[in-house]
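Please keep the sequence and the three-dimensional view side by side while you read, and locate each residue in both before moving on to the next sentence.

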Amino acid sequence: MADNLIMTDNKKLAAIKIILQIRSASNTTNFLLFTELVLTLTYLCIKYGNPPQASTIYAFYGMLMSGMTAEIDYGYKFGKLAINLLEKDDNQKFQAEIFFLYYAYIWCWKNPLNEQVIQEKLLYGLQQGLNTGHNEYVGFLAQAYCAIKFLGGCQLEEVERDCEKYIHFVEKLNQEYSHKFLVILTNTAKNVRDINHHQDFLLLGTSQEEEDKHLQEYLDQNNQWLLFIYYFGRMIDYYIFNDFVASLENSQHTEKYVAVTSGAALFKAQHNFYSSLSFLAYYHDTEQNDQRKLLQQVDNNQQKMAIWSSHCPANFQHKYDLVEAEKARVLGQNWEAQEFYEKAIQGAKKYEFIHEEALAYERASEFYFTLGREEIAKLYLRNAYHCYTRWGAKAKVKQLEEEYPQYLLGISNQNKSKGLSTTISTTGNDGAVLDLTTILKASQAISGEIKLENLLQNLMKIVIENAGAQKGCLILEKEGNWVIEAQGAIDEETINILQSIPIESIDHNNSIPILPTSIINYVARTKETIVLNDATSSGQFTNDYYIVAKKTKSILCTPLLNQGQLKGIVYLENNLTTGAFTSERVELLNILAAQAAISIDNSRLYQTLEQRVEERTKELTNTLEVLKATQAELIFENDLLKSAEQPPKFVYQVGGSLPMDAPNYVVRQADRNLYKALRQGLFCYVLNARQMGKSSLMVRMMSQLQKEGIRCAVIDLTRLGTDNITPEQWYKGLAVDLLRSFGLIKQLKTFKAWWSEQLDLPPVQRLGQFIENFLLVNNNFNQRQSRQSTVIFIDEIDSILGLKFDVSDFFALIRSFYNQRAIQPQFQELTFAFFGATTPSALITDPQKTPFNIGNAIELASFKEHEAQPLLYGLTEKVSNLQTMLKQVLSWTGGQPFLTQKLCQLMRDSEQPIPSNQEEQWLAQLVAEKIIQDWEMQDQPEHLKTIQDRLLQSPNRPQLLTLYRQILHQEAIQIDNNPYLPELFLSGLVVKRHGKMDVHNRIYQTIFNNDWLERSLS
């Protein structure tokens, strides 16, 4: 269309000129007319050729397509067409208009809102509008620029400064509409930021009377855009301050005018987002019928948000996830709620929507408080507090401090003296007031610790929380060198201590220093505090390699002095904002630094005394060895007597299924995925290598579902047999096992009679009718179950491969149950899950019969470090450095469940003490002695021999071993459509990591090495 013929018909050109003159006004007062005008203009272009204004017309059409019809890709193409025509014609007359339409309306449907380019383009368009005298679009571009900064989570003070600047600017250009728009936007931001401004949530004036007057004026004029932005601002403000009734009321007003936003992604999506959140916040205050209506409205909104998310996850996915989390919360679906809260937080954080990250943290903290999980709730609350602080939302921060003073103590100021004022500084950028009470408590927390590790932990937490830092380090001198002895971050609960990392160290992931050493060396030399408000652009350290590479914004580095002697250095940085370390925060830090220097001196003295005591204790211990030797026989006899006692409760499970209440069960992502899929009624299959924990997963999942009132049955197909069995016997045996598993074995006689009466039907049809007529009724066999869900777990599905007859009809039957759901509702309550060590294609290849192409594959991955924490409970008495030891265990097993449980059991059973800080060497020796040496003799229960047998007894033995050799030698192999890779994968010997195949773990690599491979090949 860029190459369309040029329009030459003078009448058509005149018509287009007239329509364009009335189009702009119609956008604010009569949106239906506006839409009709744009469609008419586009039709004229397509039929009669491109007029000079074609680029503008196509931009308007793209705007409507994106926002009104959900044809986002189609609308985006018309937007690009407008830009291309503009560049082709080099017509600056239309630049302001087209830049506004494309970057304010169309761009954000497909591109991240917080990319700097959009602000640059809007400002460029604004300048072009000034150059060409398009003052109306100068106002529009100023509106869009400020709105995008506000809705993108830009610092509120900066938003207000920009708004006020452009308010004066458009006022001089006599752009009344843009002036009013920007006033509303300014006050929306100010309500959240200014502690003294937000009480009445006024947006149009300084009093309620003035507000009502302006509002009536907009209603009389039917100015739909101003009415929309007015109610929109109130909806956001009320929701942020937790006045959900008022937020809901204003969202309903906003709904009347949302159509006027047409393709404006930022307004349309935000209205959708806050409306859904307001509905859900109000959910429990409504009657049951109204609750259904609210949920339906939320679902309608979410359908739209899901479409938008598919086009631009950066802008919309975290909004979708937060609404899903809130919906799961009100419906009591706690597991799903946790998952969606975490997704929303991570998505908002990734794409820098700091205000929506704060919202997600706040809602999640409320959720965890209601569950009684106070520790995690406090963590999320503090994260919300810090996010609001970084956004500059001082009024919201104050509200949180007043609502949760007991949890925000130390980072907030709620305890003001009623008489003599103890305030020593004024409000800083973070909205927190630092008073004497806060300082005394922080100082007491530091001075009260005598152990160095505890002191470092407390000191770093207090300093980071109160100084407004993102991350920080405590640097001490050790053997003449400065080293990091404590480091932490505001969004991390754990403080890393006593690792003695040299300050000159390099981050090997990016070859960047870990700290700006020039600043630290300067502070160490001069004993002066360094405060940099914008480290990259001002000060004497702008050329420091760390600052250049990291583009660090705010830095604070202060010495810890005791009687003039340098005891340490505190380094803090905030990379989100400039000027983070205000004079008040520096003053507070100086007070705490003085106490910290004294405490560090005391703790080091205590540490020295402790070492001397330990040395003396060792001497005394040696003198006791002779006495211990004389008691050896008595101790041995005492141990024999203990054999009659009950074993400890914590026992590692090596092979087989874990009991339902086993404390060492490891919850993996597969647990969450399987639970979610089964609750949704999806067909699931877990097809993995053996001894990966499939049976334990099945037992645990069945227990959880039964607690929720869901009927469950487990069928082990190996019970049915494979040798010399007929189809009749196999299908009948399966039906009998289902009776037994559902506790209906008393009905066996009735079943047998029924089965015999159906002999004219093939066995597979009889099984289908049995499930429908027997299992989907209650225990009396005469009434349908009242919509009670049923899940049938079928274990060892791979045993089917040993049958002498075709069972593809069995799989077709499973598929038919799902296909019939639309016709027969009872099948919606019936769900199947298959478990085994095979692949779908090995079980059935017919695409018309297989259920696997409509099913949900559940990948059962190896244990990850954060998942494997329950295994540590059995080692608490044996191991001092538990996390270090867990890392070492997983480095040997690769998280393979059988080996990991076995290695933990070997550690627990070992009589050899585990020396502190020598875990790696000790564990390597244990693995060598108990697993690798004479492995075929020690492999009990069998695991390694099972892997070996799967390879050596396979008819594809040469191909499997050749393929394994390539993987062992890290040669490139074909992964897709490799005929032998699935079989090798099912042996458990190899896994896929980072897009390529690798040996599963070091134990396999050591045993199934080159020597073993060459012997096996020969």
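The paragraphs below go from the whole chain to its strands, then to some single residues, and finally to the empty spaces.

This is a predicted model, and everything that follows should be read with that in mind. The protein has 1018 residues, of which 52% count as buried, and its secondary structure comes to 41 helices and 15 strands. If one takes the contacts in the protein with a separation of 6 or more, 66% of them are accounted for by residues that lie 24 or more positions apart.

We can turn next to the strands. Strands of a sheet pair through backbone hydrogen bonds, and the pairing can be either parallel or antiparallel. The parallel kind can be seen in an open sheet of 5 strands, whose order is 10-11-12-9-13. At its edges are strand 10, covering residues 711–716, and strand 13, covering residues 856–857, each of which pairs on one side only. Inside this sheet, strand 11 (residues 790–795) and strand 12 (residues 830–836) are joined by 5 bridges in the parallel sense, and Ile794 stands opposite Phe834 of strand 12.

The antiparallel kind can be followed around strand 7, which spans residues 554–562 and has 8 of its 9 residues buried. Strand 7 is joined to strand 6 (residues 530–532) by 3 bridges, and these two strands run antiparallel. Strand 7 also pairs with strand 8 (residues 565–574), again in the antiparallel sense, over 9 bridges. A good residue to look for here is Cys557, which is the bridge partner of Ile530 and also has a bridge partner in strand 8, namely Tyr571. Strand 7 and strand 8 form a hairpin with 2 residues between them, and in that turn Gln563 has a positive phi of about 55°.

Positive phi values also occur in loops that lead into these strands. Lys527, in the loop between helix 22 (517–526) and strand 6, has a positive phi of about 60° although it is not a glycine. Lys551, in the loop between helix 23 (545–550) and strand 7, likewise has a positive phi, near 55°, and is a residue other than glycine. How exposed is each of these two lysines? Lys527 is called partly exposed because its relative accessible area is 38%, whereas Lys551 counts as exposed because its relative accessibility is 58%.

Another backbone feature to find is the peptide bond from Gln940 to Pro941, which is cis, with omega near -10°. Pro941 belongs to the loop between helix 36 (935–938) and helix 37 (944–952).

For a residue in a helix, consider Gln119, which is placed in helix 6 (residues 116–132). Is Gln119 buried or exposed? Its relative accessibility is 13%, and therefore Gln119 counts as buried. When residues up to four places away in sequence are not counted, Gln119 touches Tyr145 and Lys149.

Two cysteines can be judged by the same kind of reasoning. Cys45 counts as buried because its relative accessibility is 0%, and Cys387 counts as buried because its value is 2%. A disulfide is a covalent bond between the sulfur atoms of two cysteines. The structure holds 0 disulfides.

The last topic is empty space. Rolling a probe the size of a water molecule over the atoms shows where empty space is left. A search of the whole structure finds 8 cavities of 30 Å³ or more. The second largest cavity has a volume of about 140 Å³, and its lining consists of 13 residues, with Arg382, Glu465, Ala489, Ile490 and Glu492 lying nearest its centre. Helix 18 (374–391) and helix 21 (452–467) are the elements that give two or more residues to this lining. Sorted by class, the lining of this cavity has 6 nonpolar, 2 polar and 5 charged residues.

Among the pockets, the second largest has a volume of about 990 Å³. Which residues lie nearest the centre of this pocket? They are Leu687, Asn688, Glu859, Phe985 and Lys992, out of 37 residues that line the second largest pocket. At least two lining residues come from each of helix 26 (669–679), strand 9 (684–687), helix 39 (981–986) and strand 14 (990–993). By class, the lining of the second largest pocket has 20 nonpolar, 10 polar and 7 charged residues.

Note on methods:
Residues numbered from 1 in each chain as written. Predicted model: local features only at pLDDT ≥ 70, side-chain atom pairs only at ≥ 80, totals over all residues. Heavy atoms only, no water. Buried < 20%, exposed > 50% of the residue type's maximum accessible area, 1.4 Å probe, protein only. Helix = DSSP H or I, 4+ residues; strand = E, 2+ residues; numbered from the N terminus. Pairing = 2+ DSSP bridges. 1 Å grid on protein atoms, 1.4 Å probe; cavity = no way out; pocket = protein on both sides within 12 Å on 5 of 7 lines; lining within 4 Å. Points joined across faces, edges and corners; volume = space filled by probe spheres on them. Nonpolar A, V, L, I, M, F, W, Y, C, P; charged D, E, K, R; others polar. Disulfide = S-S within 2.5 Å. Contact = heavy atoms within 4.5 Å.
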